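Let's take a relaxed walk through a protein chain. Have a look at the picture, and then we'll go from single residues to the whole fold and back.

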Amino acid sequence: MTTHTRLTFHGPLSSARADAIVDRLSASRPRTVLDIGCGWGELLLRALEAVPKARGTGVDLDEADLARGRRSAEERGLAGRVDFLAESARDTARGPADLVLCVGASQALSDADCPTAEALHALRGLVSDGGRVLLGEGFWERTPTPAELAGMWPGASESDHHILPALLDLAVEAGFRPEWTETATLAEWDHFESGYQADQEVWLAAHPEAVEVRERLDRHRSQWMSYRGVLGMAYLTLVPVSGWTA
Ligand SMILES: C[S@@+](CC[C@H](N)C(=O)[O-])C[C@H]1O[C@@H](n2cnc3c(N)ncnc32)[C@H](O)[C@@H]1O
């Protein structure tokens with residue numbers, strides 16, 4: 001069964017927003033781009049297309065997604081300027097880079113139940129002076145009710161995420177100023193969640209005897225309906241403060 005062929009990004013991110021983000025990030029002419037938890041690295045590849053002299057490194061543990069990233073780089077003539085590396089980003093020595101992307105992947109930098117603060121600290125150490133960080137991070141649009149939490153992922157807790165003001169405060173405390181703050185729309189979420197399941201839903205319709213697949217898809221859809229409109233995704237373009245020390 002093929003999966004995720006309908007997704008351009010592994011998260012609630014439209015192509016239009018991605019292109020606007022890349023325009024903003026490429027204005028500082030990064031020479032090096034590091035993508036933490038890159039998956040198949042679509043944003044990394046768009047950044048390299050926008051800045052022809054830049055070199056990129058993507059780090060992830062998922063071999064299938066990395067292989068998709070390498071294929072995509074080959075097809076776009078970018079293979080000579082990017083490495084997709086199968087390794088953990090935890091305590092990575094791949095920095096510093098002029099542009100560091102970490103989108104939906106703060107768990108790659110910290111194993112804390114809420115990895116945001118530690119991830120921001122790690123990102124501050126991975127970005128060059130004068131560079132940029134793009135952090136794509138979950139946040140609560142509003143405080144979830146106990147019933148909503150009970151329907152989300154196993155063990156979901158209010159402490160898993162922050163509300164947006166607290167997320168921005170954490171970024172400032174970690175040594176950044178927020179150049180740009182934006183959040184995924186409900187339409188971007190619906191596109192992502194539908195695309196995440198669509199290949200498997202179509203397959204299941206033709207294989208109704210596949211009980212495990214049906215249970216998994218039904219479970220995920222039920223979880224999605226519990227966090228839909230409650231879990232947000234913020235895209236923070238962050239500038240490191242000069243001379244900052246932890
Ligand atoms: C939600 S996906 C986001 C992928 C990509 N950044 C994007 O936006 O399309 C999170 C990624 O983090 C990766 N990841 C999780 N733990 C990691 C670790 N310790 N080191 C590197 N990557 C990790 C996962 O394999 C997954 O590809």
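## Starting inside a helix

Where is the place of R46? You'll find R46 in helix α2. Helices here are DSSP runs of H or I with at least four residues, strands are runs of E with at least two, and both are numbered from the N terminus. Before going on, a word on what you're looking at: this is a predicted model, where local features need pLDDT of at least 70, side-chain atom pairs count only at pLDDT 80 or more, and totals for chains, interfaces and linings use all residues. Residues are numbered from 1 along each chain as its sequence is written, and side-chain values use heavy atoms, with hydrogens and water left out.

Is R46 buried or exposed? It is buried, with a relative accessible area of 13%. The cut-offs are simple: buried means under 20% relative accessible area, exposed means over 50%, and partly exposed is in between (1.4 Å probe, protein chains only). R46 has company in α2, where E42, L43, L44, L45, A47 and L48 are buried too. In total, 7 of the 9 residues of this helix (residues 42-50) are buried, so α2 is largely enclosed by the rest of the structure.

Who touches R46? Leaving aside neighbours within four places in sequence, R46 is in contact (heavy atoms within 4.5 Å) with T8, F9, S15, A18, D19, V22 and R76. Measuring C-alpha to C-alpha, R46 and D23 are 9.6 Å apart in space and 23 residues apart in sequence.

## Zooming out

The protein chain has 8 helices and 7 strands. Its radius of gyration is 18 Å, close to the 18 Å that the globule rule gives for 246 residues, so the chain is as compact as a globular protein of that length. That radius is taken over C-alpha atoms, and the rule is 2.2 Å times the number of residues to the power 0.38. Along its principal axes, the C-alpha trace spans about 55 × 45 × 30 Å.

Buried residues make up 50% of the 246 residues. Among contacts between residues at least 6 apart in sequence, 75% join residues at least 24 apart. On the outside, the chain exposes about 11,700 Å², and carbon and sulfur atoms supply 52% of that; these areas come from the Shrake-Rupley method with a 1.4 Å probe, and for residues only the protein chains shown count as cover.

## What the record adds

UniProt, in an unreviewed entry, places the feature "domain: Methyltransferase" at residues 33-130. UniProt positions are given in the numbering used here, feature names are shortened, and annotations may be inferred rather than shown by experiment. Over residues 33-130 the chain is 34% helix and 27% strand, and the end C-alpha atoms are 13 Å apart.

## Odd spots in the backbone

Most residues other than glycine have a negative phi, and most peptide bonds are trans. Now for some exceptions. A cis peptide bond joins G95 and P96, with omega at about -5°. P96 lies in the loop between β3 (82-86) and β4 (97-103).

That β3-β4 loop also holds D91, which has a positive phi of about 55° although it is not a glycine. At 74% relative accessibility, D91 counts as exposed. R29 has a positive phi too, about 50°, and is not a glycine either; look for R29 in the loop between α1 (15-26) and β1 (32-36).

## Far apart in sequence

Which residues does P12 touch, leaving aside its neighbours within four places in sequence? P12 is in contact with A184, E188, W189, F192, M233 and Y235. P12 sits in the segment before α1 and counts as buried at 2% relative accessibility. P12 and H191 are 179 residues apart in sequence and 7.1 Å apart in space, C-alpha to C-alpha.

Now try R228, in the loop between α8 (211-227) and β7 (231-240). R228 is partly exposed, with a relative accessible area of 35%, and beyond its neighbours within four places in sequence it is in contact with L186 and D190. The C-alpha atoms of R228 and I36, 192 residues apart along the chain, are separated by 26 Å.
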